[in-house]
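Please open the model in your viewer and keep the selection panel at hand, since each stop on this tour begins with something to select.

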Amino acid sequence: MAIGQFVNVVTGSVGYLLTMSGYEKDFRNSVLISGPIAVGLGFALVPFYGAIGSAIATAVAVATQNLVAVWWVKKRLGFNTLPVWR
């Protein structure tokens with residue numbers, strides 16, 4: 001969970017940025033991409049690893065959602081909010 005939240009912190013408030021800029025559909029698409037990943041990983045990991053599997057699934061979903069939203073911000077607004085890729 002800490003790694004997923006670290007990605008969330010590093011990427012910044014990309015979800016709010018997309019929503020306030022009028023690109024709600026792009027943010028929705030990033031949620032629609034990360035949601036099935038979370039559910040699939042949950043079904044795959046929780047029976048074998050329990051709470052650790054659930055934490056891994058959630059961390060991957062949070063990181064995926066934010067990284068896809070970073071991509072949408074770069075594409076739509078023209079700047080990168082992720083300082084690692086500068």
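Begin by selecting residues 24-49, which form helix α3, and residues 51-77, which form helix α4, in this predicted model. The axes of the two helices come within 8 Å and cross at roughly 160°; because an angle over 145 degrees counts as roughly antiparallel, α3 and α4 are described as roughly antiparallel to each other. If you turn the view to look through one helix at the other, the crossing of α3 and α4 that you see is right-handed. Colouring the residues of this contact by character would divide them into 18 nonpolar, 8 polar and 2 charged.

Next, keep both helices in view and select the side chains of Arg76 and Asp26, which meet in a salt bridge with a distance of 2.7 Å from N to O. Arg76 belongs to helix α4 and Asp26 to helix α3, so that the pair, 50 residues apart, links distant parts of the chain. A search of the whole structure finds 1 salt bridge.

For the last stop, switch to a surface display and select Ile33, Ile37, Phe48, Tyr49, Ile52, Ile56 and Val60, which together make a nonpolar surface patch of about 690 Å². Which elements give two or more residues to this nonpolar patch? They are α3 and α4, the same two helices selected at the start, and of the contributors α3 gives the most, with 4 residues. Ile33, a convenient residue on which to centre the view, is found in helix α3.

Conventions. Residues are numbered from 1 along each chain as its sequence is written. This is a predicted model: local features need pLDDT of at least 70, side-chain atom pairs count only at pLDDT 80 or more; totals for chains, interfaces and linings use all residues. Side-chain values use heavy atoms; hydrogens and water are left out. Axes are lines fitted to C-alpha atoms, for helices over the stretch in contact, and angles run from 0 to 180 degrees between N-to-C directions. Angles under 35 degrees count as roughly parallel, over 145 as roughly antiparallel, 65 to 115 as roughly perpendicular and the rest as oblique. A crossing is left-handed if the near helix is turned anticlockwise from the far one by less than a right angle, and right-handed if clockwise. Ala, Val, Leu, Ile, Met, Phe, Trp, Tyr, Cys and Pro count as nonpolar, Asp, Glu, Lys and Arg as charged, and the others, Gly among them, as polar. Patches are made of residues with over 30% relative accessible area and no salt bridge: like charges are joined within 9 Å, nonpolar side chains (Val, Leu, Ile, Met, Phe, Trp, Tyr) within 5 Å. Accessible areas come from the Shrake-Rupley method with a 1.4 Å probe; for residues, only the protein chains shown count as cover. A salt bridge is a side-chain nitrogen of Lys or Arg within 4 Å of a carboxyl oxygen of Asp or Glu.
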